[in-house]
Amino acid sequence: MDSERYKPVFGNGLWKIVKDVMIVAKGTKMETLCDGQQGRFVGEKLENSDWSCTLAPYKSSCSHLASCSSLLRKQVSKMQKELVSVLLSLLLLCHTTTAFSSNHAGVKTETFLSPPFHLKPGSVANKFFFDIPFPKGHIFLKSFDAEVIDEHSNPVPLHETYLHHWVVERYYGLKGPEPVQSDELDLSKIILVTNSGLCKNTLGQYYGLGSETRKTDTWVPDPYGIEVGDPELVPAGYEERWVMNVHAIDTRGVTDRLGCTECRCGLYNVTIDEYGDEIPANYTGGLYCCYDQTQCKLKEGFQSVMKKLFLRYTVKWVDWAPHIVPVKVYILDVTDTGLPPSDEGLNKHSYSSCKVEYEVKECDSEKKMNGDCIDSKIARLTMPHGGYVVYGVAHQHSGGAGSWLYGEDGRLLCDSIPSYGNGAEAGNEANYIVGMSPCYPKPGSVKISDGETVTVVSSYNSTEMHTGVMCLFYILVADEVPVDPLPPPPRNMVCFNFLISGCIEATVKSCALLLIVCLVLIYIISRSFCRTYRMYRYHMKGYEFVAA
């Protein structure tokens, strides 16, 4: 039987293994040169290019057979390992197929690093990096994900470096020489391009998260995208750029980790803010006490190394296309009073009615006994322009219990609930918010009318006091719902060029079938090996041979 005709079924990579198995299963041609009557092993040769082993005649013993037997065992072990690698490869392929099954045609991905920032134990970095690396051209942004890493590209856990927040904002900068990636750019020479509201003068970013960044989905669903880079909108003599703000707090060796991350003024021993103004006595904690290069209180005698850190961020986008529906970015702040900003105290540096942060008071003993320590803050805000909500997510700090957005008639528009970690590794840090659930309404199902008043609700656990907390609700709003249905996405195919020749459609069913075939193949091959090897050893019994 010509076994070569089976070669196309398996492909070049797997054929080598299968061919050897077929030879063994049929019975490898062995020229046994033994004198059974004299009990003497004369010689034996396995005629196989991979297992060639000639055992020369010996008069008194067959000890040389040990080396050949050992070789056979090694080849069996090698082939078993190859089969395991086949299974692992299939598992990896199916896992990869599943992970990318939601990929969309034309999506481009690139990962960048921010300029470095340095932190010693208890210190604070609040840096602004201008003209950061960013995709160029007229595009639609699909997602922006980020995390803090060290100089060896290792993710840094929150209990070492707390990521208070990061934000990215668009601006137009003058063409020509400019301090590249500098945090000392002359703001009078740039034009900020903020989001659509409502806190344009305070919260103008397009993206921004905090400790939850690693497990919060920022994907903009199809057929929508955040449009940027339109050359017709850029003023003459300018070009579009991006600025990043990173606020991080090193909590190694501090006396009160939660207090340091909540910027409690007593732990930072500051009485003036970053502008040189006196901090009011009733301001117990927040951004005005943990600005750049401030220091949180350390345990006596604690020392450690200075860390060089980066914000690693991954941007996904698609090139501009007419079928993609642009969305507007709105940030709703639960501290927004809707009133003109005051020029007294710390408010004189605010340019909008959005205060960004607030304080949660500790609940009384009765509520603690009843397990009813929830602080809820409410803001009613008027949307100047409406549209269809396609995405929403909230930003909260430790102690956060969730946020809800309601329409004027009381209908739920969107909610976002925090998830807390329960370990020590990055992305699962105990007692920290490590993710916020996004909402993805069915297209066209959630509409906000022009001038509609919406209600933002923020809840925090008030078992203990929390300072400098936030609740910012990001929503993406489209002016219209696409009328023409999108063409069906291209089928995801998995092509095997090494193990199996050909392509199949990547589905859960096809992956399961591949795994079953592989397991059956491993079973058959293993049984064949074992059977052949046992027969081979049995054939040698009665001779002077001891296996190594």
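1. A disulfide is a pair of cysteine sulfur atoms within 2.5 Å. By that criterion Cys414 and Cys439 are joined, with an S to S distance of 1.6 Å. The torsion about their S-S bond is about -110°, so this disulfide is left-handed. The pair links distant parts of the chain, since Cys414 lies in strand 19 (residues 412–416) and Cys439 in the loop between strand 21 (433–436) and strand 22 (447–448), 25 residues apart. The model under discussion is a predicted one.

2. Some overall figures may help a reader who is new to the structure. The protein has 548 residues, of which 47% are buried. Its secondary structure consists of 6 helices and 26 strands. Of the contacts between residues at least 6 apart in sequence, 75% join residues at least 24 apart. The exposed area of the protein is about 27800 Å², and carbon and sulfur atoms supply 55% of that area.

3. The surroundings of the cysteines in point 1 deserve a remark. Cys414 has a relative accessibility of 2% and counts as buried. Cys439 also counts as buried, at 10% relative accessibility. Buried here means under 20% relative accessible area, and the same cut-off applies in the points below. A further cysteine, Cys471, counts as buried at 0% relative accessibility.

4. How many disulfides does the structure hold? There are 6 disulfides, among them the link between Cys260 and Cys296, whose sulfur atoms are 1.9 Å apart. This link is left-handed, with -85° about the S-S bond. Cys260 belongs to helix 3 (residues 257–261), while Cys296 sits in the loop between helix 4 (265–268) and strand 13 (307–319), so the disulfide ties together parts that are 36 residues apart in sequence. Both Cys260 and Cys296 are buried.

5. Another of the disulfides joins Cys265 to Cys289, with an S to S distance of 1.8 Å. Is this disulfide right-handed or left-handed? The torsion about the S-S bond of Cys265 and Cys289 is about 75°, so the link is right-handed. Cys265 is placed in helix 4 and Cys289 in the loop between helix 4 and strand 13; the two are 24 residues apart, and the pair links distant parts of the chain. The loop between helix 4 and strand 13 thus holds Cys289 as well as Cys296. Cys265 is buried, with a relative accessible area of 9%, and Cys289 is buried at 0% relative accessibility.

6. Strand 11 (residues 224–228) is mostly covered, as 4 of its 5 residues are buried. What are the pairing partners of strand 11? Strand 7 (residues 139–150) runs antiparallel to strand 11 and is joined to it by 3 bridges. Within this pairing, Leu141 has Ile226 of strand 11 as its bridge partner. Strand 14 (residues 325–333) pairs with strand 11 in the parallel sense, over 2 bridges. Here the bridge partner of Gly225 is Pro326 in strand 14.

7. Ser398 lies in the loop between strand 17 (387–396) and strand 18 (400–406). Is Ser398 buried or exposed? Its relative accessible area is 6%, so Ser398 is buried. Not counting residues up to four places away in sequence, Ser398 touches Leu258, Glu262, Tyr420, Asn431, Tyr432, Ile433, Tyr460 and His466.

8. Pro418 is part of strand 20 (residues 418–420). With 14% relative accessibility, Pro418 counts as buried. Pro418 and His397 are separated by 21 residues in sequence, and their C-alpha atoms are 9.2 Å apart in space. Neighbours within four places in sequence left aside, Pro418 is in contact with Gln396, Gly400, Ala401, Gly402, Ile433, Gly435 and Met436. Ile433 therefore appears in the contact lists of both Ser398 and Pro418, where contact means heavy atoms within 4.5 Å.

9. The final point concerns the surface. Which residues make the nonpolar surface patch of about 400 Å²? The patch is made by Ile516, Val520, Tyr523 and Ile524. One of these residues, Ile516, has its place in helix 6 (residues 508–540).

Notes. Residues numbered from 1 in each chain as written. Predicted model: local features only at pLDDT ≥ 70, side-chain atom pairs only at ≥ 80, totals over all residues. Heavy atoms only, no water. Buried < 20%, exposed > 50% of the residue type's maximum accessible area, 1.4 Å probe, protein only. Pairing = 2+ DSSP bridges. Patch = residues over 30% accessible without salt bridge, like charges linked within 9 Å, V, L, I, M, F, W, Y side chains within 5 Å. Areas by Shrake-Rupley, 256 points an atom, 1.4 Å probe, with all protein chains shown as cover. Salt bridge = Lys/Arg side-chain N within 4 Å of Asp/Glu carboxyl O.
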